[in-house]
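Biologist: I've got the model open and I'd like a close look at one loop, starting from a single residue in it. Could you walk me through that spot and then work outwards into the rest of the fold?

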Amino acid sequence: MGDRPFLRKLYAHMGKFKRVLDVGARGYNRFCKELINSTTTEYFQMEPFPPSTRNEMNNDGLLECYMQETKQKYPNFKHFFDVVLDFGVFGWGAVQVGLDESDILDYVQSVRFLLKNEGIWVLKVDKNWVSNHDEFFDKYLLPFFDSGDFDEFHSGHSVRKGSFKFYFLHKK
């Protein structure tokens, strides 16, 4: 998987935060907590259909829902997380096809709900995930987030010959 070297490096920077939420909980990301390598960072995952065996996950807490359900199911997590890591969910074309405009806005507002003020949404998008990337960002993301850098990482960083891009969206 072409993004793994980049992700190893990125996860190592998550240890500077108090609470991190990773969207998705599957066997392929069960080692992410170890990559953070911090005894003080709380690592949570969100997954509407978690794996049946606990050894497929390694976290300090699980939000068992879709992103759009967080306000209703987890009101106590309002402004709770420093970072939301979203790799291959919102920025994946197969998910975008199933989301209408209302779903997209609910998703984005739910990320904002979960993030502390000045929190960071780290979003990985696949190549051609939407028909017009700039128009999508201008309409749905940039009214609520500023695109910027994070530590040594630059927003729009391409991985695996441009198949993936990572964005660091700072909550307005």
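**From one loop outwards**

Modeller: Let's start with P51, which sits in the loop between β2 and β3 (61-63). Bear in mind that this is a predicted model, and read what follows in that light. Being in a loop doesn't put P51 out in the open here: its relative accessible area is 11%, so it counts as buried, the cut-off being under 20%. What does P51 touch? Setting aside residues up to four places away in sequence, its partners are A25, R26, E56 and M57. For a sense of what isn't close by, try L141: P51 and L141 are 90 residues apart in sequence, and their C-alpha atoms are 30 Å apart in space.

Now step back along the chain to Q45, in strand β2 (residues 42-46). Buried or exposed? Q45 is buried, because its relative accessible area is 0% and the limit is 20%. Its side chain has a polar partner in there, namely the side chain of N59, at 2.7 Å. The contact list of Q45, again without residues up to four places away, includes L21, D22, G24, A25 and N29 from one stretch of sequence, and M57, N58, N59, G61, L62 and L63 from another. If A25 and M57 ring a bell, that's because you met them around P51 too; both residues touch P51 and both touch Q45.

Next, move to strand β4, where you'll find D82. With 14% relative accessibility, D82 falls under the 20% limit and therefore counts as buried. The D82 side chain has two polar contacts to look at. One goes to the backbone nitrogen of K18, at 3.0 Å. The other goes to the side chain of K116, at 3.2 Å. Beyond four places in sequence, D82 is in contact with F17, K18 and R19, and also with L115, K116, G119 and I120. F17 gives us a handy reference point as well: its C-alpha lies 21 Å from that of P5, although the two are 12 residues apart along the chain. P5 itself is in helix α1 and is exposed, since its relative accessible area is 52%, over the 50% mark.

Strand β4 also brings us to the largest pocket, as it is one of the elements that supply at least two residues of the lining, along with α1 (4-12), β1 (19-23) and β5 (115-126). The volume of this pocket is about 670 Å³. How many residues line it? There are 32, and V23, Y28, F87, G88 and V89 lie nearest its centre. Sorted by class, the lining comes out as 19 nonpolar, 5 polar and 8 charged residues.

While you're in this region, two backbone angles deserve a look. H79, in the loop between α3 (70-73) and β4, isn't a glycine, yet its phi is positive, near 55 degrees. H79 is partly exposed, at 35% relative accessible area. In strand β5 there's E118, another non-glycine residue with a positive phi, this one about 65 degrees. E118 counts as exposed because its relative accessible area is 68%, over the 50% cut-off.

Finally, there's helix α5 (residues 101-114), with 14 residues. From first C-alpha to last it reaches 20 Å, close to the 20 Å expected at 1.5 Å a residue. D100 caps its N-terminal end, with a side-chain oxygen 3.1 Å from the backbone nitrogen of S102. Which residues of α5 are buried? They are I104, Y107, V108, S110, V111, R112, F113 and L114. An α-helix has 3.6 residues a turn, so residues three or four places apart point the same way. L105, also in α5, counts as partly exposed, with 30% relative accessibility. Leaving out neighbours within four places, L105 is in contact with Y140 and F144. The C-alpha atoms of L105 and K139 are 9.7 Å apart, with their positions 34 residues apart along the chain.

Key:
Residues are numbered from 1 along each chain as its sequence is written. This is a predicted model: local features need pLDDT of at least 70, side-chain atom pairs count only at pLDDT 80 or more; totals for chains, interfaces and linings use all residues. Side-chain values use heavy atoms; hydrogens and water are left out. Helices (H or I, at least four residues) and strands (E, at least two) are DSSP runs, numbered from the N terminus. The expected span of a helix is 1.5 Å times one less than its number of residues. Buried means under 20% relative accessible area, exposed over 50%, partly exposed in between (1.4 Å probe, protein chains only). A polar contact is a pair of N or O atoms within 3.5 Å; within protein, one must be able to donate a hydrogen and the other to accept it, and residues adjacent in sequence count only if both atoms are side-chain atoms. On a 1 Å grid over the protein atoms alone, a cavity is a set of points where a 1.4 Å probe fits but cannot get out, and a pocket is an open set with protein on both sides within 12 Å along at least five of seven lines; lining residues have an atom within 4 Å of a point. Grid points are joined across faces, edges and corners, and a volume is the space filled by probe spheres set on the points. Ala, Val, Leu, Ile, Met, Phe, Trp, Tyr, Cys and Pro count as nonpolar, Asp, Glu, Lys and Arg as charged, and the others, Gly among them, as polar. Contact means heavy atoms within 4.5 Å.
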